[in-house]
Amino acid sequence: MRSPLLEVSDLSISYRGRRRRAAATAVDRVSLDIGVGETVGLVGESGSGKSSLGNAVLGLVPAASGRIVFAGRDITHLRGGARRPLATEIQAVFQDPYSSLNPYRTVGQSVLETLTATTMPAVERDLRLGEMLTRVGLDRSAAERYPSQFSGGQRQRIAIARALMPSPKLVVCDESVSALDLSVQAQVLNLFVELQRDLGVSYLFITHDLSVVRHVSSRVAVLRHGQLMEFDRTEQVIGNPSTAYTRKLLAAAPVPDVEVQRLRRAANRAWRALTAGADGDRAGWQQDIERLAVRTGNAVLADRLASAPPAEAHRLLFDAAAPEATGDIELIVTGDTAAVQTLAAALKAGDPAAARAAHDFLWTEGASR
């Protein structure tokens with residue numbers, strides 16, 4: 001088995017409080033690793049410690065405890081001249097492409113900055129500059145212009161070119177597409193994937209956007225209040241999250257559909273209403289409704305079932321003999337309002353046979369459509 005490129009073990013980061021206030025812990029004993037040519041997504045809400053962890057890998061903030069091992073070498077406490085050689089191996093792409101570029105220097109001057117620590121001849125540098133600008137989708141003449149003459153997406157391409165100039169092994173991408181329009185985001189994400197395929201670079205992709213994680217990451221780490229909630233393959237974390245926090249994070253992720261957003265809010269109200277009831281296994285029923293809404297996107301069904309007696313609806317939809325109990329939920333006729341209303345009416349009337357028939361239509365008969 002190949003050793004990971006980056007290995008973070010029990011890392012903790014604290015920031016000193018002002019005056020006599022206690023220190024604040026930003027990262028609390030987090031462990032994760034990144035393989036060669038792999039992308040690991042780091043997700044969580046604001047203040048969860050994502051950027052602090054990335055900054056520790058970059059050497060911008062000190063670690064209170066734990067270890068950071070890069071390419072078999074402990075770099076946890078490297079500073080100054082001892083860390084300078086790592087500048088060609090670990091690079092960063094930050095959130096705001098404009099503030100990360102010097103407005104008084106040409107694009108060519110900014111991009112060439114990352115080669116300062118190398119001994120590459122000037123002629124070879126100029127050739128590499130042109131090649132890298134072309135690779136990220138810009139004309140070679142862009143080297144003579146200033147950052148203010150480019151759009152946000154083009155500036156981020158420039159920042160990516162600068163990070164990749166010294167052929168790094170690892171790039172820390174800290175919210176690197178969150179400031180871009182959706183269409184431009186897609187272009188830049190595709191560029192990241194393409195460059196990884198061609199160059200074999202690894203990414204630590206820090207973001208709060210789960211759609212970004214789905215697109216670029218092979219594994220995902222979820223942080224909350226500085227603690228690691230789960231770390232697994234992307235399809236496992238997105239498709240079958242192991243913690244309630246991750247499920248809530250998935251349910252809160254916006255989608256470009258007003259109707260779906262409205263239905264999600266309706267389902268959320270139904271989940272809250274269930275906490276006041278005493279019929280059946282409330283916790284298990286809530287989790288099943290939440291799982292149903294998140295995995296299928298069908299908040300209508302979740303909302304309708306929430307108003308039925310939990311024990312009866314749970315038995316009909318999630319009994320041990322049902323294929324849905326395996327966790328591999330996939331609704332075929334998503335958003336079929338008529339069928340959902342039929343199921344809801346059957347549950348309300350206490351007619352198990354009609355409810356099972358409506359249920360079977362939603363989960364099986366829709367496959368023929």
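1. Let's start with a pair of residues: Asp174 stands opposite Ile206, and Ile206 belongs to strand E8. Keep in mind as you look around that this is a predicted model.

2. Asp174 and Ile206 lead us to the strands around them. Strand E7 covers residues 170–174 and runs parallel to E8, with five bridges joining the two. Between these strands comes a helix: E7, helix H5 (residues 182–199) and E8 together make a right-handed β-α-β unit.

3. What about strand E3? E3 takes in residues 39–43; five bridges join E3 to E8, and this pair is parallel too. If you want one spot to look at, try Val40, whose bridge partner in E8 is Leu204.

4. Now for E8 itself, residues 202–207: is the strand mostly covered or mostly open? Mostly covered, as six of its six residues are buried. Ser202, Leu204 and Ile206 point one way, while Tyr203, Phe205 and Thr207 point the other, and all of them are buried. In a regular strand, side chains alternate between the two faces of the sheet.

5. Leu204 also brings in a helix residue. Leu53 sits in helix H1, which spans residues 50–58, and Leu204 is one of the residues that Leu53 touches. Setting aside residues up to four places away in sequence, the others are Leu11, Ile13, Val27, Val30, Leu32 and Leu42.

6. Why does Leu53 count as buried? Because its relative accessible area is 0%, and the cut-off for buried is under 20%. One last distance to check: the C-alpha atoms of Leu53 and Val8 are separated by 9.3 Å, with the two residues 45 apart along the chain.

Terms used: Residues are numbered from 1 along each chain as its sequence is written. This is a predicted model: local features need pLDDT of at least 70, side-chain atom pairs count only at pLDDT 80 or more; totals for chains, interfaces and linings use all residues. Side-chain values use heavy atoms; hydrogens and water are left out. Buried means under 20% relative accessible area, exposed over 50%, partly exposed in between (1.4 Å probe, protein chains only). Helices (H or I, at least four residues) and strands (E, at least two) are DSSP runs, numbered from the N terminus. Two strands pair if DSSP finds at least two bridges between them. A crossover is right-handed if, with the strands pointing away from the viewer, the path from the first strand over the helix to the second runs clockwise. Contact means heavy atoms within 4.5 Å.
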